[in-house]
Amino acid sequence: MGQDIKNFTIEELERYFLSKKEKPYRVKQVTNWIYKKDIYSFDEMTDISIELREELKKDFHIGSLKLFEESISKIDSTKKFLFQLNDGQFIESVLIPHINRITACLSTQVGCKFGCVFCASGMKGFVRNLYPGEIVNQLQYMNFILKKNAQRINNVVFMGMGEPLDNYENILKAIRIINHPYALNIGARKITVSTCGLIDKILKLSQENIQIELSVSLHATNDELRNRLMPINKRYPIKELISACKIYSIRTKRIVTFEYLLIKDVNDDKKNLKELINLLQGHKWKVNLILYNPIKWLDFKPSPLKRAVLFQNGLIKTGIIATIRQSKGRDIDAACGQLFLKTHEKK
Ligand code: SF4
């Protein structure tokens, strides 16, 4: 069986058809079947010659994901999907409805190697990178479900299981497919990549000439605390991280968002707020204050809402955009990695 055709960008497929001496419009025809009509067999592509369909069958297959478990939140209608991959591994994706948009949260790796102490995704260690097709298929599956109600995903966040920038080439390909009008046609500015702070990759991404949003998991205001919460900080200390984000923001003309998980009595006192303001002053940023979603395997507790409000007011007073976000799908373990861990527990 050939490779999953969804592992290839539209530009790569154009080169493929060219090498077969086919007309350039073939790529539009084929991707129309795959991404717009959700067809999973080359035989159904009736406007393509039988000879070319046979060629395609020799060189590719059309990948899909197997749904293993699905849950829906009674609180906010967030839907969580656990998919099984061809090699038996599991990944999670989340569909989050908002008033004016529908967001898909995608996984980029099976497990994670970065071991942030508050996160379920890294608890079983790293297994493997996802292929571009496996990333795109999460989105396509959820879009297919929405189609019945004439809805579609219009916002994508790479905040599921794994560190996206640690799977750099594959997520970039997936983004190019998600963004392309022949494929899923979601604007670059509606795509957010979230990172724990891989500085070299942030700088590389800033030169890709694609204006996607960058979101950085900060979660601490000094190196001592961040080293404890997020071991990656020992390699990429906090001030160097902020400098890299500034470069990203200037090169791409995007406002970088810092995610700050408010964990009770860990990173939520007045000293932390003062340090956060000092770190971020002097450039335009956005801060997302997130009330921690407790995970049964960990001892951390969410900060009370009034502390979040204190942080928000403090940041806004100094000109930093700050919002408070409640984790979605709290009743269905929607924080990344939780369903994955539960499945491992059952096995
Ligand atoms: S927060 Fe992100 S980088 Fe850290 S362990 Fe979880 S998935 Fe990995």
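**A walk through the predicted fold, beginning at Lys21**

At 75% relative accessibility, Lys21 counts as exposed, because the threshold for that class is over 50%. The structure described here is a predicted model, and Lys21 offers a friendly place to enter it. Lys21 sits in the loop that runs between helix α1 (10-19) and helix α2 (26-36). Its backbone also deserves a look: although Lys21 is not a glycine, its phi is positive, at about 60°. Most residues other than glycine have a negative phi.

Ser77 can be read alongside Lys21. Ser77 is not a glycine, yet its phi is positive, at about 65°. This serine belongs to the loop between strand β3 (66-72) and strand β4 (79-84). With a relative accessible area of 40%, Ser77 is partly exposed, because this value falls between the 20% and 50% limits.

The loop between β3 and β4 also holds Asp76. Asp76 has a relative accessible area of 17% and is buried, since the limit for burial is under 20%. The side chain of Asp76 takes part in two polar contacts described here. One, of 3.0 Å, joins it to the side chain of Ser73; another, of 2.8 Å, joins it to the side chain of Thr78. Looking further along the chain, Asp76 and Lys306 are 230 residues apart in sequence, while their C-alpha atoms are 22 Å apart in space.

With these loops in mind, the whole protein can be brought into view. The protein contains 11 helices and 14 strands. Its C-alpha trace spans about 70 × 45 × 35 Å along the principal axes. A compact globule of 347 residues would have a radius of gyration near 20 Å, and the 21 Å of the protein agrees with this. Of the 347 residues, 56% count as buried. Contacts across the sequence add to this picture: among those between residues at least 6 apart, 68% join residues at least 24 apart. The surface that the protein exposes amounts to about 15,800 Å², and carbon and sulfur atoms supply 52% of it. As for charge, the protein carries 55 positive and 37 negative charges, and the mean positions of the two sets are 5 Å apart.

From the overall view, attention can return to single residues, now within helices. Gln140 is part of helix α4, which covers residues 132-147. Its relative accessible area is 1%, so Gln140 is buried. What surrounds Gln140, leaving aside its neighbours within four places in sequence? Its contacts are Lys6, Ile34, Tyr35, Asp38, Tyr40 and Leu184. With Lys6, the link involves a polar contact of 2.8 Å between the two side chains.

Lys58 gives a contrasting view of a helical residue. Lys58 lies in helix α3, made up of residues 50-59, and counts as exposed at 60% relative accessibility. The C-alpha atoms of Lys58 and Lys148 are separated by 33 Å, with these positions 90 residues apart along the chain.

The strands supply two further examples. Thr103 is found in strand β6, residues 102-105, and with 4% relative accessibility it counts as buried. Two side chains meet that of Thr103 through polar contacts: His98 at 3.1 Å and Asn155 at 2.9 Å. Once neighbours within four places in sequence are left aside, the residues in contact with Thr103 are Val94, Leu95, Ile96, His98, Asn155 and Val157.

Arg325 lies in strand β14, which comprises residues 321-326. Is Arg325 buried, partly exposed or exposed? Its relative accessible area of 34% makes Arg325 partly exposed. Beyond its neighbours within four places in sequence, Arg325 is in contact with Glu259, Asn288, Leu289, Ile290 and Leu291. The side chains of Arg325 and Glu259 are joined by a polar contact of 3.4 Å. Cys245, by comparison, is 80 residues away from Arg325 along the chain, and the C-alpha atoms of the two are separated by 22 Å.

Notes: Residues numbered from 1 in each chain as written. Heavy atoms only, no water. Helix = DSSP H or I, 4+ residues; strand = E, 2+ residues; numbered from the N terminus. Rg over C-alpha atoms; globule rule 2.2 N^0.38 Å. Buried < 20%, exposed > 50% of the residue type's maximum accessible area, 1.4 Å probe, protein only. Contact = heavy atoms within 4.5 Å. Areas by Shrake-Rupley, 256 points an atom, 1.4 Å probe, with all protein chains shown as cover. Lys, Arg positive; Asp, Glu negative; His and termini not counted. Charge placed at Lys NZ, Arg CZ, Asp CG, Glu CD. Polar contact = N/O pair within 3.5 Å; in protein donor to acceptor, adjacent residues only side chain to side chain.
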